[in-house]
Amino acid sequence: MNTRALIVWGIIAMTASASVAAERTYTVKSPPTKGTGHYIVNRLPLAPKPLLKLPIGSIRPEGWLRTQLIMEANGFTGRLTEVSPWCKFQGNAWVTPGGVGANGWEEVPYWLKGFGDLGYVLGDKRIIAETKKWLDGVISTQEPDGYFGSHDDKVKPDLWPNMPMLDALQSYYEFTGDERVIKLMTRYFRYELSLPGDILPGYWDKMRGGDNTDSIYWLYNRTGEAWLLDAAKKVHECTAKWSDKVVNWHGVNITQGYREPAIYFQQTHDPKQLAAAERNYQEVMGLYGQVPGGMFGADENARRGYGDPRQGAETCSHVEFMHSFQMLLGITGSPLYSDRCEEIAFNMFPATMTPDAKGLHYLTAPNQPQLDRESKSPGIENGGDMFSYNPMDYRCCQHNVAMGWPYYAEHLWMGTLDGGLAATLYSASIVTAKVGPGKGTDVTITQTTKYPFAESINFAVSPAKTVDFPLYLRVPNWCSAAKVTVNGKARRVDARPQSWIVLDRTWKAGDRIVLSLPMSLSVKTWTANKDAVSVKRGPLWYSLKIGEDWRKYGDPKWPGYEVFPTSPWNYGFASTAISSFKVTSRPGPLAAQPFAPGAAPISITAKARRIPNWSMKHGLVDTLKQSPVRSDEPVEDITLIPLGCTRLRMTALPVVTTDRNATEWPAPPVDRHTASFVFDDINAVSDGIVPASSSDETVPRFTWWNHTGTEEWITYDLGAERSVSSCSVYWFDDVPKGRCRVPASWEIFYKDGGSWEPVGDATPAGVEKDRFNEVTFSPVTTSGLKIVVKLRNGYSGGILEWKVK
């Protein structure tokens, strides 16, 4: 066999041979090119996968994970046809031959790839039947040349939406064996191969072409048709060159695209491709991931200077990153990817949704003490509501979140090429799989645990008959003292962090294993983020527990929620000595839904002082200042709970001291402006930067987007009583490509005590482009001005600069 093809298996081999000395001498042999026949393996010439995904339905999740899945089925994901305007079946472009329309893009595929798997994992007959109805419709759209899906996307062309739909079809085939999927994919990839030139000319398909390549390999491993590798090579060559560098800084593109070189490695056997994927990851995390929780700041795009822990990540980014790690786990066999997947799954991902899974928000950040609907721009790249929980909004995330927990459940256990099983992601579960030599023997292993909230993981082995096979148990990277007992007898094992313990023995019914993963508390200093500090224990990061005031809005059946703090959040650690933290575990059984503030299974008491000047602006927490920060406030005991249990949180806190040489946290600046609605940067209206034109997009701007045709207003706080007789406004107008225009009309008011009064003898209020529109009026003595505008029908508007004389 080609030596390069063995490199990935060596990752397991190196850990396995050292870890099982107490059981028997065990040497991992070269992986057989056809595997043991138990599960689908990579066909030659693809490099062998050390870890093999089990058939859907092999794993029954239990405990808290089952609760997440059931809540998802009963929440907005399970009822998205009631909630989403893009998921209405009748006339949908995805189920109508020759279909066109806005509902033919990514939303239905995003949803179906998780919705179907949710049904398969739970055995939910309603979801399985509904998925089949949709996929029957999808299959019916295949055209004579092999293309399937929305005809609009064929004409554009844009092959991106077909990529997640292929995932949905693959899962459906794995569950049902419906040969129509094989025929559809075969014809579709022939269509791709026949296309001339760049077959991924769009933005999204070019960034995410690795998903297409992965689906081609999926089909090749089932049919063995050699031309499919030509198609894979063509798709790779048309995909953005992630092998060379991080080619795009959009958050979701990163979490999907960064893995592309590792996917293509399977065909090239070139270890540089594996290294390229890891290089991409390290570059992104080094710049924007110096925060707790396993994610990185990209509120739309990762931006230079925006790496503070207040910067959030899209819910799409959470689930795509988890999926990348699951894919790379199979390709490399490295437990590194299990660690990365668990870090997000246990910490950031639960916080993306309400505890009952009936709402989600677009952005989740490590420091996020308020979730309101007000715009956070420019601190957050997107304007408008990005923080509140709303099942009716956040379009891409609303649909893509569906795959998060189902895909996680499907990767709790994986097969190995030597006929064994690997416990890859720990959670209470029951797995039934074939193991051992020859045609294999059925074995059921029941995993019982409160992990990640407890250190002990119990396995009960029940084979159909006595059988030899290796059982791989993962040692996480944070654990330095793992221990194993088999049938009550301690085993000597070399259980290094981020390795596999391999128990290779003859197994019989009634065998019991206990894996102990002692969790020690550690303190992490984020040198790239002003030396702020976070607390971690085992796989869990801990956040300040903040009182919550949930305020309902919107649809009565599927309401949204804003969440406001009812207790102080602006603390810094008065001590970071390990001895100053006290860990308390809640007695009794684990709550069905432990990822909620009131059900947190573990809490940590810490010493802290408040920082009075640390505040929020428009609901967005101020950025960190250099630690140590001075605070003369009294020392208090604060409570930390697991990050994943929070909905309001502060996870990276400054260190505080009474030392007068420490950093003085400045008082928050006075906000000179308020508005009826804020998109972009409200302070841009008085930043002194004069634009080159009304369409100048190189300077900061304020807009009322996406309000159109409405009456809106903005105020100017002058700071003190002043005599004012004129003001000038430079309107924003992004004709022809945008939807902002100069307003239809506007008026000026001045502050008179507690009321706003119109100015007198005003000259006409101009709405000219590319110039300041000055209005003079009778002098008034006032502390503030207010502009009231009438936006043009069908258009929004905004201001680039506002001068007051």
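# Exercises with worked solutions

**Exercise 1. Is tryptophan 731 buried or exposed, and which residue forms an aromatic pair with it?**

Step 1. Start with accessibility: tryptophan 731 has a relative accessible area of 0%, so it is buried. Keep in mind as you work that this is a predicted model.

Step 2. Now look for a ring partner. Tryptophan 731 pairs with tryptophan 746, with 5.4 Å centre to centre and 75° between the planes. An angle over 60 degrees counts as edge-to-face, and that is how this pair is classed.

Step 3. Place both residues in the chain. Tryptophan 731 belongs to strand β32 and tryptophan 746 to strand β33 (residues 745–752), 15 residues apart.

Step 4. Check the partner too: tryptophan 746 has 5% relative accessibility, so it counts as buried.

**Exercise 2. How many aromatic pairs does a search of the whole structure find, and how are the rings of tyrosine 730 and phenylalanine 772 arranged?**

Step 1. The search finds 45 aromatic pairs.

Step 2. For tyrosine 730 and phenylalanine 772, the ring centres are 5.1 Å apart and the planes stand at 90°, so the pair is edge-to-face.

Step 3. Next, see where the two rings come from. Tyrosine 730 is in strand β32 (residues 711–732), while phenylalanine 772 is in the loop between β34 (755–758) and β35 (773–790); the two are 42 residues apart.

Step 4. Tyrosine 730 has a relative accessible area of 5%, so it is buried.

Step 5. Rings can also gather in a cluster. One aromatic cluster has among its members Trp64, Phe346, Trp405, Tyr451 and Phe595.

**Exercise 3. Which strands pair with β32?**

Step 1. Begin with β35: it pairs with β32 in the antiparallel sense over 14 bridges. Within this pairing, isoleucine 714 has isoleucine 787 as its bridge partner.

Step 2. Then turn to strand β36 (residues 798–804), which pairs with β32 over 6 bridges, also antiparallel. Here serine 728 is matched with lysine 803.

**Exercise 4. In what order do the 7 strands of the open sheet stand, and which strands are at its edges?**

Step 1. Read the order across the sheet: β2-β8-β9-β10-β15-β12-β13, with antiparallel pairing.

Step 2. Look at the two ends. β2 (59–61) and β13 (489–491) each have a single partner strand, so one side of each is left without a neighbour in the sheet.

Step 3. Consider the twist: neighbouring strands of this sheet are turned by 20° against each other on average, direction ignored.

Step 4. Zoom in on one pairing. Strand β12 (residues 483–486) is joined to strand β15 (residues 511–516) by 4 bridges, and lysine 483 stands opposite serine 516.

**Exercise 5. Where is lysine 557, and what does its side chain contact?**

Step 1. Find the residue: lysine 557 lies in the loop between β19 (548–553) and β20 (560–565).

Step 2. Its relative accessibility is 60%, so lysine 557 counts as exposed.

Step 3. Its side chain makes a polar contact with the side chain of glutamate 82, at 3.2 Å.

Step 4. Compare sequence and space. Lysine 557 and valine 83 are 474 residues apart in sequence, yet their C-alpha atoms are 9.7 Å apart.

**Exercise 6. Which residues does serine 317 touch, not counting residues up to four places away in sequence?**

Step 1. Locate serine 317 in helix α15 (residues 315–332). At 1% relative accessibility it falls under the 20% cut-off, so serine 317 counts as buried.

Step 2. The residues it touches are Gly251, Val252, Thr255 and Met295.

Step 3. Look closely at valine 252: its backbone nitrogen lies 3.4 Å from a polar atom of the serine 317 side chain.

**Exercise 7. Which backbone features stand out at proline 157, asparagine 706 and aspartate 770?**

Step 1. Recall the usual pattern: most residues other than glycine have a negative phi, and most peptide bonds are trans.

Step 2. Lysine 156 and proline 157 are joined by a cis peptide bond, with omega about -10°. Another cis bond joins tryptophan 705 and asparagine 706, with omega about 10°.

Step 3. Aspartate 770 is not a glycine, but has a positive phi of about 60°. This residue lies in the loop between β34 and β35, and its relative accessible area of 47% makes it partly exposed.

Conventions
Residues numbered from 1 in each chain as written. Predicted model: local features only at pLDDT ≥ 70, side-chain atom pairs only at ≥ 80, totals over all residues. Heavy atoms only, no water. Pairing = 2+ DSSP bridges. Axes fitted to C-alpha atoms, helices over the stretch in contact; angles between N-to-C directions. Phe/Tyr/Trp six-rings, centres within 6.5 Å; stacked < 30°, edge-to-face > 60°. Buried < 20%, exposed > 50% of the residue type's maximum accessible area, 1.4 Å probe, protein only. Polar contact = N/O pair within 3.5 Å; in protein donor to acceptor, adjacent residues only side chain to side chain. Contact = heavy atoms within 4.5 Å.
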